[in-house]
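Q: Could you pick one part of this fold and take a close look at it with me? I'd like to follow how its pieces connect, step by step.

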Amino acid sequence: MPGAESSDQLRAREMSVQLQLVEAFKPAIDIQMTDSDNIDHFLEIRDASKTFMTPEGESFRALDSISLPVRNNEFVTLLGPSGCGKTTLLRTISGLEELDHGEITIDGRSMIGIPPHRRPVNTVFQNYALFPHLSVGDNVGYSLDVGRVARAERDDRVGQALELVGLEGMERRRPRQLSGGQQQRVALARAIISNPKLLLLDEPLSALDRGLRQAMQIELKNIQSELGISFVFVTHDQEEALTMSDRVVVMRGGQIEQVGTPTEVYDHPSTTFVAEFIGESNIFHGTVRRNGSGEMEMRLGENQVVRLREDATHDIDVADSSVLIRPEHLLVPDSGHDLERENYGALDVTLRQTVFLGADFQLICELADGTTIKAIVRDTARRNISSLKPGDRVRLYYWLDSPYLIPGTGTQ
Amino acid sequence: MSTSKRTRSRFQMTLLLAPTSLFLAVFFIAPLSIMVVYSFLEAGLYGGVEWNFYHHNFGRILGWADGTYEYFNPAYLWIFWRSVRMALTTVLICLVLCYPTAFWVSRLPDRWKTFFLFLITLPFFASLIVRLFAWVLILRPSGFLNTVLEGLHLISAPIDIMYTEAAVIIGLVYILVPFMFLPIYASVEKLNMSLVDASGDLGATKFQTFCRIILPLTLPGVIGGSIIVFIPSLGNFVVPDLLGGAKVLMIGSLIEQQFLGARNWPFGAALSMMVMGTVLVFLFLYVRALSRAEALEEGAKSG
């Protein structure tokens, strides 16, 4: 029903007004400051390992010596392809899975042997996991009901939690009468009503359509910073991770590839995997040499060179170094203009296809050796790009600071 | 939808339902009506019926009789009560056996699930009588069970299970357990395990999760299974005949005796009506509970 979705989005925008309500849900962390004020990391994962047995009898290493500290009031995203162990890591934090090895501490307390219902952590599940036989109010009030909170206080807090997520007065509805976005809000209200100190979110937005998802991203981020609690958010969507996180943890094969702020992992990926997983990328493989004029270069084939600024830490003259140039760093100047050689490098390519993206054009090009190069260029005046046709020879420029030599490649 | 299309689809529905409706009319409604009518007729002297309205068939069971040919005998009510009690015991035992098993099976890898479901249906491949006689061989004083127990020195003298209520209940549980298992399994298999995770995550203990989430969501299977075990065990006469003998008379055997032995069809029909009435009371309670739950949901929908 399109009407319901758009009203959802409208609600999402109204949300910021209601954020003062959030005060009611701030956890009582301050009280415990005496024993936790010297603990900077609210959640600490040390050397966590977990192995599963598949039904076929093979063992599968879901977590391989993961260590990760999470600070108070931090929004951390676990990002990776399916099967990278991000959901398993989340489940070991909530206690739904036990670690084989290693330790998790929350607020300075070791969680070894502590069952899920006694951990100060709540989860928003992937498909919300709302109880279908209970009303919205009973779903939201569930943790208070099992904790035997007095009826009047319980009703009060359910009302407040629903108001916080913009669903006031919906207590008596059933979950399946709600739209996807509304169900998502119920799941969020249910998870924060008992004032957890840490909220875990397992791909909570993956079932929503694009517009609603973007509205919810901002809303979630607002709620997190207002509540002042840590969020650990699992997603396979790199855009989601970059939008919301204070820090992104890129995972692969049960291990952490890189931890950093969104700009760090985007601009300075530590491995080719991270470079390819986050954002669009052109990655060149080859041998990096110094060219004697304070620059380094990678020879790609006949007369094609990727030039880059001197990087003293990187080994030279070894094979299989990787250089990353993001598509948006490639430029196409107006025809007849060349950019000066001191500051710009160039690649000569053949245009294969032009894709209009709205704000930008994506050019899919080919080097002489057949390597595909993607460029994202802006041509608001509709001058240089619009006139290009498949098969044209194009010179793509890049600022010499743009190419990024991925560390750890080329060392053997 | 246009009117003609709607008429057409209604016609198609009627056509599709016709064979079943016809079958039920001929083979269910008609015999049932005969039984209802017979239960109010007088038994003929040499079998058959006299076409007089005669309510003393029910009187013999429930407490009034004409006092000349028919006498009220509380034994009938007692047999009736025993049958209900044994049927309920059977339901309870089946439930205790099947509920945990259903959870166990639902967590098996897929191919083992299929195999296990095949095992559940395996007994249907052999004749019921043969299987019950096998139980006679197991339960009788010199049978398998006593031989094993004596061999293990757990008992000094054979225990006499044959021709007791226990033997009948064992037999009833044995033949009816698949009918309990399948509906429960269906609802357990449908249970979304992430709801159980969510409940624990929200602070519920395992016991609370069971009471508040698992049980309510699997209740339809439990109730469905209970009904389709209760009905055949209440009216069963094969099991009590073979394993209960003359000592454990159940209502089903009594009816059988009235029809085939005493040739008193009206009295047999009256007893059958009593069984059916009991079942209907239980069904009524079930439907009312169900519709109340649905009404609750309807109310929530409009509210």
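A: Two strands count as a pair here if DSSP finds at least two bridges between them. With that in hand, let's look at a sheet in chain A, keeping in mind that this is a predicted model.

The sheet is open and consists of 5 strands, in the order β16-β20-β17-β18-β19 (chain A), with antiparallel pairing. Its edge strands are β16 (330-331) and β19 of chain A, each of which pairs on one side only.

Start with β17(A), residues 344-356. On one side, 7 bridges join β17(A) to strand β20 (residues 393-399) of chain A, and the two run antiparallel. One residue pair to find on your screen is Gly345(A), whose bridge partner in β20(A) is Tyr398(A).

β17(A) is also joined to β18(A), by 6 bridges, again with the strands antiparallel. Here Phe356(A) has Phe361(A) of β18(A) as its bridge partner. These two strands make a hairpin with 4 residues between them, and in the turn Gly358(A) has a positive phi of about 110°.

Now stay with β18(A), which covers residues 361-366. A handy point before looking at its side chains: in a regular strand they alternate between the two faces of the sheet. In β18(A), Phe361(A), Leu363(A) and Cys365(A) make up the covered face, while Gln362(A), Ile364(A) and Glu366(A) make up the uncovered one.

From β18(A) we can step on to strand β19 (residues 372-377) of chain A: 6 bridges join the two, and they run antiparallel. Phe361(A) turns up once more, with Val377(A) as its bridge partner in β19(A). Phe361(A) is therefore a good residue to click on, as bridges link it to Phe356(A) and to Val377(A), and it belongs to the covered face of β18(A). The hairpin of β18(A) and β19(A) has 5 residues between its strands, and Gly370(A) takes a positive phi near 95° there.

To place the sheet's chain in its wider setting, look across to chain B: 23 residues of chain A are in contact with 20 residues of chain B. On the chain A side, β6 (121-124) and α5 (142-146) each supply at least two of the touching residues. α5(A) gives the most, with 3 residues. By type, the touching residues of chain A divide into 8 nonpolar, 11 polar and 4 charged.

Technical notes:
Residues numbered from 1 in each chain as written. Chains lettered and ligands numbered in written order. Predicted model: local features only at pLDDT ≥ 70, side-chain atom pairs only at ≥ 80, totals over all residues. Contact = placed C-beta atoms within 7 Å. Nonpolar A, V, L, I, M, F, W, Y, C, P; charged D, E, K, R; others polar. Buried ≥ 20, exposed ≤ 12 C-beta atoms within 10 Å, placed from the backbone.
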